[in-house]
Amino acid sequence: MDMNQLSTNEYEEVVAWRRHIHQTPELAFEEYETSAFIARQLSSFGIDVSVGLAGTGVVGTLRRGTSRKSIGFRADMDAIPGTEETGLSYASRSPGKMHGCGHDGHVAMLLGAAKSLAAKKDLDGTIQFIFQPAEEVEGGGKRMVDEGLFSKFPVEAVYGIHNWPALAFNHVSAEAGPVMAAFGIFTIDIKGRGAHGGMPHEGADPNAAAFQIGSALQTVVSRNSSPVSSGVISVTTVHGGSAFNVIPETCRLTGTTRWLEEDAGDILERRLHEVAQGVGSALGCEVTIDYQRRYPVTVNDIREAAFVQSVVREGTSNLILAERCKPSMGSEDFAFMLQESPGAYIWLGAKREGKNPPLHAPSFDFNDAIVPAGVDLWRDIAIARLK
């Protein structure tokens, strides 16, 4: 075993931390217990701890030697709304909340790396262990940056790791350029005229308008965006009416947009407004739209991506560098950190044999088998970057 690696018992301890966090999921900006747990562990390793950035954020600072080099490692720590259906002994104890994206594993692996690196006395430089709240939709990464993350804890480069069930076990992807899509959210409120369900001609049906708007929006990507440009519009909720025989006064659609190129994002936003307004008007309804751009594209620095690839090839963690992976249309607010500092967002393959639930599925559970690889990859990156 490499002298810097954790022992088998210590890896098992990291898994125990992960399962503890899994049982007590907390949503965006509510990660109080998780934050306190992280702070206690970091302090026990002899790492300086700062709390309160973005409300529940935690930053642990490890300084060694005399070098002015400084790097940042980031883990997200929030859960998602949802009911867990894993049936595990350590399943969520909080109704309506679950760790369905693996952030519990991200926290545990970074804590394991912090423990390993704190015991390594020949490091020369500073490592900022960044535990970020509210990655899911609410932009905790942006808030940390806005509140002075990199002015208070300066770094030359910042890295993030995400478990990736679609990628082969123990494979690693760290591509240069765009790796995760930008995303927006929209709410389309349709106001018609309510009527009896048996006499629809006396009203203006907002549900009928909603059906046609949802269908028409699917043509935006296929007919308004370039075929070689990536874009997505998904209507994800429909709310209208409350009785079998009543045409309601209003209906609401909500959903998300995704894109990798700025002009594609502009087209999605413009055409969403035009299509929804035009269809609604044609059917005698008033349409009001709230459209918000939330996260930018996550873009890996060319040099830092190449550096991570070299670490995977030459490191001690027995990982395999994946063949070139295409960008995901999922989104990441780590993008805001990469806008402020060079760095790389890394996928760590966590694919299981047999049933392999995707991220955000009710049956999803972080694959504990990748814990040693994740801890060791963090350690290898730190040792190589601070040489």
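**Exercise 1. Work out which residues Asn 367 touches, leaving out residues up to four places away in sequence.**

*Step 1.* List the partners: Asn 367 touches Phe 169, Ala 350, Lys 351 and Arg 352, where contact means heavy atoms within 4.5 Å. Keep in mind that this is a predicted model, where local features need pLDDT of at least 70, side-chain atom pairs count only at pLDDT 80 or more, and totals for chains, interfaces and linings use all residues. Residues are numbered from 1 along each chain as its sequence is written, and side-chain values use heavy atoms, with hydrogens and water left out.

*Step 2.* Place the residue: Asn 367 sits in the loop between strand E18 (343-349) and H10. Helices (H or I, at least four residues) and strands (E, at least two) are DSSP runs, numbered from the N terminus.

*Step 3.* Look for a polar partner: a polar atom of the Asn 367 side chain is 3.2 Å from the backbone oxygen of Ala 350.

*Step 4.* Check burial: with a relative accessible area of 10%, Asn 367 is buried (under 20% relative accessible area; exposed is over 50%, partly exposed in between, with a 1.4 Å probe and protein chains only).

**Exercise 2. Find the polar contacts that the side chain of Asp 76 makes with His 103 and His 106.**

*Step 1.* Start with the location: Asp 76 is in strand E3 (residues 70-76).

*Step 2.* Read off the distances: the side chains of Asp 76 and His 103 are joined by a polar contact of 3.2 Å, and the one to the side chain of His 106 is 2.7 Å. A polar contact is a pair of N or O atoms within 3.5 Å; within protein, one must be able to donate a hydrogen and the other to accept it, and residues adjacent in sequence count only if both atoms are side-chain atoms.

*Step 3.* Add the surroundings: beyond its neighbours within four places in sequence, Asp 76 also contacts residues including Gln 132, Glu 135, His 162 and Glu 332.

*Step 4.* Is Asp 76 buried or exposed? Its relative accessible area is 0%, so Asp 76 is buried.

**Exercise 3. Identify the residues where H1 meets H10.**

*Step 1.* Define the helices: H1 covers residues 8-23 and H10 covers residues 371-385.

*Step 2.* Pair the sides: Tyr 11, Val 14 and Val 15 of H1 meet Val 371, Pro 372, Val 375 and Asp 376 of H10.

*Step 3.* Sort by class: the contact of H1 with H10 has six nonpolar, no polar and one charged residues (Ala, Val, Leu, Ile, Met, Phe, Trp, Tyr, Cys and Pro count as nonpolar, Asp, Glu, Lys and Arg as charged, and the others, Gly among them, as polar).

Definitions and conventions:
Axes fitted to C-alpha atoms, helices over the stretch in contact; angles between N-to-C directions.
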